[in-house]
Amino acid sequence: MMKRDIRTSDAFGEARLIYEQASRPGTDFVSDITDIQRSADGTRVLFTGTIVADLDQRAVTRICEHDLDDGSMRILTDGPNSDRHARISPDRTTIAFVSDRDRASDFQLYYLDPQSLRVTAGPKVDGWVEYCEWSPDGRRILLGVAGHGADLSSGQGAYTTAEISDDGPAWMPQVIGRPTEAMRRSAWIVDCATGALSCVSGGENIWEATWCGNHQLAIIGSQEPGEGAWYAAGLSTIDLATGAVTPVYQPVSQIGVPRSSPSGRYLAFVEAICSDRGYVAGDLRLCDLHEGSCRLLPVGAVDTSCIAWQSDEALLIAGHRGLETVVCTINIRENRVQELWQSAEMTTAQITATVLALNDRHDFAFVCQTFLDRPRIAAVRGGVLQVAPAARGDLAASDACAGAVPVHWQAPDGLPIEGWLLKPHGAPPYAVILEVHGGPVLHWRPWWLGRSAAALMLLRRGYALFLPNPRGSSGRGQAFAARVVGDVGGADTDDLLSGIDHLVDTGIADRSRLGVTGLSYGGFMTCWLTTRDSRFGAAISVGPATNHVSHHLLGNIPQFDALFLQDHYTNLSGSYYTRSPLLYAHHSTTPTMLVCGDLDRCTPPEEALQFHNALLENGVTSVVVRYPQEGHGVHGMPAAIDFAARSVMWFESHIPPATIREIPITPSNGRL
């Protein structure tokens, strides 16, 4: 089955039609929304909108604007290639954004006149611009610049950006030594009056930077540029006049999201146990730069992931609390928290909860989504939630999914665990696919099913999707997250298996038709579970780490293994060995498809290949699906179509589904 051309299969055609309905290629339809920011006033917002020209190539992005009053939307830029990360100047006359319109993947600074929509180029830097930010007085722009050779984070694909250089002879060797300057991230300042550029990195590799008043920057930095160095990065300030770097806070865990108060006196940030750069959700901390103090701000049970100052005394924050997304304000002098909005059914559309403060009256906007509804602009103004209407003729995920319900159970040690069950139409017991999230310090919350053709196709065939948040997941506080540190593949395994037991015992799951899948940590756990338990009839492991020793020495984040295993590979009886699925592959009987990307620096493809070969040696059915242009996960088109089709065919062939519901799929009716 898996050897024939997948493009001729019915599953491939079905997956392609779903993505056509979701993205409407060849039109100006904005199929996804990220990076929401204020526009000219508090009634309009800017955002980065995804537009798909053709399902045989990657999507592009455009700078767009949404009117909160009348719901209208307009596209402000037209590329070519991608435009993103719009930031309007304090005087509201100019939008700064980054684009690779001159050279693919080489993002540089551009300016947009919001009235005439005329675009002009800013000064070019040696590297590519990840983000930009106006100084409070609007006279300068901060650029976060990554070298051509820097690694992207796991959530961005975990591949190395191409170094711009002349190609040498074909025989020329690649020489690998210590990290090079091409891997370094730095901060640059643009003088808006003269266009002059200056680098102000102070010798630090800068992972994140923000203005702290008009004359200094707050940075999260490390001495080394390698991706793994982020795990020990500290918080500092850089004086723009002298270039002096002043350490502010050296964390025990990882930090992110630094945000300065309007005066520049206070600096708020998040500290949390983290699996990956860019996924910081946890404790909210506040530094008083005048007094040199730093303290924890009490926000209840919310794992904070987004910070916005409304004044020098008030913060707007967003985060996760169990299955809920929560938005609050906190007065830093009185430690008084006021909850503004919470929902378990609706959440924000980025990896962690993200909202935009519209004014100092606690109004805010965000990109909302549910399991059944695509991302749309929403706002809470005057305490009232307003959501932009759904697109006419939009893909109806409800035709495949009968609903999403929270699930609660107890682990064998008595710890309460929770998650989601996506139900197909029809009566239980269902064939159930356990999907383990990445991380381990991430969590499942509502995400629009139109992003995953595989999910919709499985639901349509009668499979239920089980999305658990085992110990180590975010949203339950740092003590809950810490339970996985030093015990990866331990009690978290029991959390997952007891969740399946709960579904079987309550008549929801058919014990004879169980599958498991996951990406990254979920890919590791997929392989691990099949070596621990024989109940699974099929498995799909995506981007796994299967051998902690080789993962530590071949991947770009060796600090991850050191953090979560709390061991070293020289300990031959330690967890690098006792928690590696590869060394227990002879216990597995589960037919397993392993999926990897050739460009993946986080979990290199050799991790999947090792486990595959071990399964074959032990007579277990296994295939490797290796995508030459993908990194960590399968995100680009048409690879995502191929991946969806292969996934559904793998589960269908090993766990026979219920009867497929006969729902017509055509490019015109917007229905599954």
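# A tour of side-chain pairs and one enclosed helix

Counting side-chain nitrogens of Lys or Arg within 4 Å of a carboxyl oxygen of Asp or Glu gives 33 salt bridges, and the stops below begin with some of these in what is a predicted model.

**Salt bridges**

Select Asp 102 and Lys 124 to begin, and look for their salt bridge, in which the closest N and O atoms are 3.5 Å apart. Asp 102 belongs to the loop between strand 6 (95–99) and strand 7 (108–112), while Lys 124 belongs to the loop between strand 8 (119–121) and strand 9 (128–134), so the pair ties together parts that are 22 residues apart in sequence. Asp 102 has a relative accessibility of 53% and therefore counts as exposed, the cut-off for that being over 50%.

Move next to Glu 271 and Arg 285, whose side chains meet in a salt bridge with an N to O distance of 2.6 Å. Here Glu 271 sits in strand 18 (residues 266–272) and Arg 285 in strand 19 (residues 283–288), so that selecting the pair shows a link between distant parts of the chain, 14 residues apart. Both Glu 271 and Arg 285 are buried.

Then select Arg 321 and Glu 324, which form a salt bridge with their closest N and O atoms 2.9 Å apart. Glu 324 counts as partly exposed at 23% relative accessibility, and Arg 321, at 25%, counts as partly exposed too. To finish with the charged pairs, select Glu 14, Arg 460, Arg 461 and Glu 652 together, since salt bridges that share partners join these residues into one network.

**Helix 4 and its surroundings**

Now select residues 491–505, which make up helix 4; this helix has 15 residues and reaches 20 Å from its first C-alpha to its last, close to the 21 Å expected at 1.5 Å a residue. Of its 15 residues, 11 are buried, so helix 4 is largely enclosed by the rest of the structure. The buried residues include Ala 491, Asp 492, Leu 496, Leu 497, Ile 500, Leu 503 and Val 504.

To see what encloses them, add strand 30 (401–410), strand 31 (416–424), strand 32 (430–436), strand 33 (463–469), strand 34 (509–519) and helix 5 (521–532), against which the buried residues of helix 4 pack. Following helix 4 you will find Gly 507, which has a positive phi, near 80°.

**Aromatic pairs**

The structure holds 16 aromatic pairs. Select Trp 230 and Tyr 231, whose ring centres are 5.2 Å apart and whose planes stand at 70°, so the pair is edge-to-face. Trp 230 counts as buried at 2% relative accessibility, as does Tyr 231 at 7%.

For a stacked pair, go to Phe 524 and Trp 528, which lie 6.2 Å centre to centre with 15° between the planes. Both residues lie in helix 5, 4 residues apart, about one turn of the helix. An α-helix has 3.6 residues a turn, so residues three or four places apart point the same way. Phe 524 is buried at 4% relative accessibility, and Trp 528 is buried with a relative accessible area of 1%.

Next, show Phe 371, Trp 420, Trp 444 and Trp 447, which ring pairs link into a cluster.

**Charges over rings**

The last stops pair an arginine with an aromatic ring. Select Arg 101 with Tyr 110, and you will find Arg 101 over the face of the ring, at 5.3 Å from its centre. Then select Arg 476 with Phe 480, where Arg 476 lies over the ring face at 4.1 Å from the ring centre.

Conventions. Residues numbered from 1 in each chain as written. Heavy atoms only, no water. Helix = DSSP H or I, 4+ residues; strand = E, 2+ residues; numbered from the N terminus. Buried < 20%, exposed > 50% of the residue type's maximum accessible area, 1.4 Å probe, protein only. Expected span 1.5 Å × (residues − 1). Contact = heavy atoms within 4.5 Å. Phe/Tyr/Trp six-rings, centres within 6.5 Å; stacked < 30°, edge-to-face > 60°. Lys NZ or Arg CZ within 6 Å of the ring centre and 35° of its normal.
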